[in-house]
Amino acid sequence: MISKSFPEVDHFVPVGPSKEKLEFADLEVLDFARYNDGASARRALSEQVHQAMTTHGFFVIVNHGISEELITRLVDIGHTILTRTPAEEKERLKADMVGKGEYPGFKPRGHWKSGDSKSGDRIENFNVNRDLTLHTQPASLEPFRAEITSFIETVHKSILYKILRLFASALQIQDEDYFVKLHDYDKHDESWFRWMEYYDDARNDSSPLDQANKQSLWMGGHQDLSALSLLFSQPMTTLQVRNYEDDSQWKYVPHIPGAIIVNAGEPMMWWTGDYFKASVHRVVEPPVDQKGHDRSSTFYFVVPNDDIVINTLLEQSPLLREAGVKKWFKDGEAPTSKEWVNNRIRVTGRRALFQDGEKGNSVQQKIGNVTTTWFR
């Protein structure tokens, strides 16, 4: 139970689950209640990771140790920060995305262009580094500082580290803590915890449409810049994942109350030479029976510590060698984690990538030595 001594929050009321008939992706569901049941159980979980990462790049974790009540509390804290912070303070504490390429702070609506959109997005978010002392925080956060810090530490040490060990096992890396050491909680990196609200404003004829499904895009198709992204499942049916065998087929990610949805981003793709897939996903407008409601989401986006150079792990993984995987980057051209994150944030969503009448479901963008792909 959440202690009544904790400060009050503005409760976010989520929409009820959709009753429409929709096509959902068949994702692996990892039961973390089995994690401590011995080597055989962990091996089975790592096999599920392998299956997920060589198909969609998505999986779901249940029984991870954080109560649904506590997750709701953290969603409400983020909602409270976004609703109680005055516009002037949000502007003063706006994330320096274009300059430093950093996310901590507020991202206002309109900063990103999505898919075919020539106008800005309808998404607002607030981001923090796990070390809250590194940036000035809004006054609305202060009553919840200890709760936020405790929650992020629990997610990082008690959940993320287990996931990273399963990834090492799935790649047959001898050192189970190989990835854990690259994501040391006590070292600096650009990982960020995010509260994100999608506002279902009244629409008009200029809304960007996905030409295949005639749906308005809330966020265009992309692969995350993080190594791993952890999303606390919410009931609005808007998140879609693309089938790697068909670049025009999108399926919805199912909602499981209290679950954590995990997907791999581009650094994991580089580490494995595309043996593990960086998930391609997007956010679309909700089904008819969920329209007229906002969506509030809570994430933890994880990248390696600042000085880690990200290239294919051929020396560490016999599995990758046996699969004939090649290095993603030439020697000396792989970016450090910090270089990659800062450069990617600077350019993300700064221009509409698909022009009127342009065909094709993807477009590439060069960022330093990295080529990023965006999707419809």
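Analyst: In what follows, buried means under 20% relative accessible area, exposed means over 50%, and partly exposed lies in between (1.4 Å probe, protein chains only). The model is predicted, so local features need pLDDT of at least 70 and side-chain atom pairs count only at pLDDT 80 or more, whereas totals for chains, interfaces and linings use all residues. Residues are numbered from 1 along each chain as its sequence is written, and side-chain values use heavy atoms, with hydrogens and water left out.

User: Why is Glu-142 called partly exposed?

Analyst: The relative accessibility of Glu-142 is 37%, which falls between the limits of 20% and 50%, so the residue counts as partly exposed. Its partner Arg-145, with a relative accessible area of 26%, is partly exposed as well.

User: What makes the contact of Arg-145 and Glu-142 a salt bridge?

Analyst: The term requires a side-chain nitrogen of Lys or Arg within 4 Å of a carboxyl oxygen of Asp or Glu. In this pair the N to O distance is 3.0 Å, so the criterion is met. The structure holds 17 salt bridges.

User: How do you know that Asp-331 and Lys-327 form a salt bridge, and is Asp-331 buried or exposed?

Analyst: The closest N and O atoms of Asp-331 and Lys-327 are 2.8 Å apart, and this is within the 4 Å limit, so the pair qualifies. Asp-331 has a relative accessibility of 65% and therefore counts as exposed, while Lys-327, at 44%, is partly exposed.

User: Which parts of the chain does the salt bridge of Glu-124 and Lys-90 link, and why is Glu-124 called buried?

Analyst: The closest N and O atoms of Glu-124 and Lys-90 are 2.7 Å apart. This pair links distant parts of the chain, since Glu-124 lies in strand β4 (residues 123-128) and Lys-90 in helix α3 (residues 87-92), 34 residues apart. Helices (H or I, at least four residues) and strands (E, at least two) are DSSP runs, numbered from the N terminus. Glu-124 has a relative accessible area of 10%, under the 20% limit, so it is buried, and Lys-90, at 16%, counts as buried too.

User: How do you know that the length of helix α2 agrees with what is expected?

Analyst: The expected span is 1.5 Å times one less than the number of residues. Helix α2 (residues 68-84) has 17 residues and should therefore span 24 Å, and its end C-alpha atoms are 24 Å apart, which agrees. The buried residues of α2 include Ile-71, Leu-74, Val-75 and Ile-81, but also Arg-73, Asp-76 and His-79.

User: What makes strand β11 largely enclosed?

Analyst: Five of the five residues of β11 (residues 260-264) are buried, so the strand is largely enclosed by the rest of the structure. Ile-260, Val-262 and Ala-264 point one way from β11, and Ile-261 and Asn-263 point the other way.

User: How do you know that β11 pairs with strand β2 and with strand β8?

Analyst: Two strands pair if DSSP finds at least two bridges between them. Four bridges join β2 (residues 58-62) to β11, and five join β8 (residues 228-232) to β11, so both contacts satisfy the rule. Each pairing is antiparallel, with Phe-58 opposite Asn-263 in the one and Ser-229 opposite Asn-263 in the other.

User: Why are β1 and β3 called edge strands?

Analyst: The open sheet has eight strands in the order β1-β2-β11-β8-β13-β5-β4-β3, with mixed pairing. At its edges β1 (28-31) and β3 (105-107) each pair on one side only.

User: Why are α1 and α4 called roughly perpendicular?

Analyst: Axes are lines fitted to C-alpha atoms, for helices over the stretch in contact, and angles run from 0 to 180 degrees between N-to-C directions. Angles under 35 degrees count as roughly parallel, over 145 as roughly antiparallel, 65 to 115 as roughly perpendicular and the rest as oblique. Helix α4 (residues 145-170) and α1 pack at about 80°, with their axes 8 Å apart, and the two helices are therefore roughly perpendicular. Contact means heavy atoms within 4.5 Å, and the residues that make it include Leu-45 and Val-49 of α1 and Leu-166 and Phe-167 of α4.
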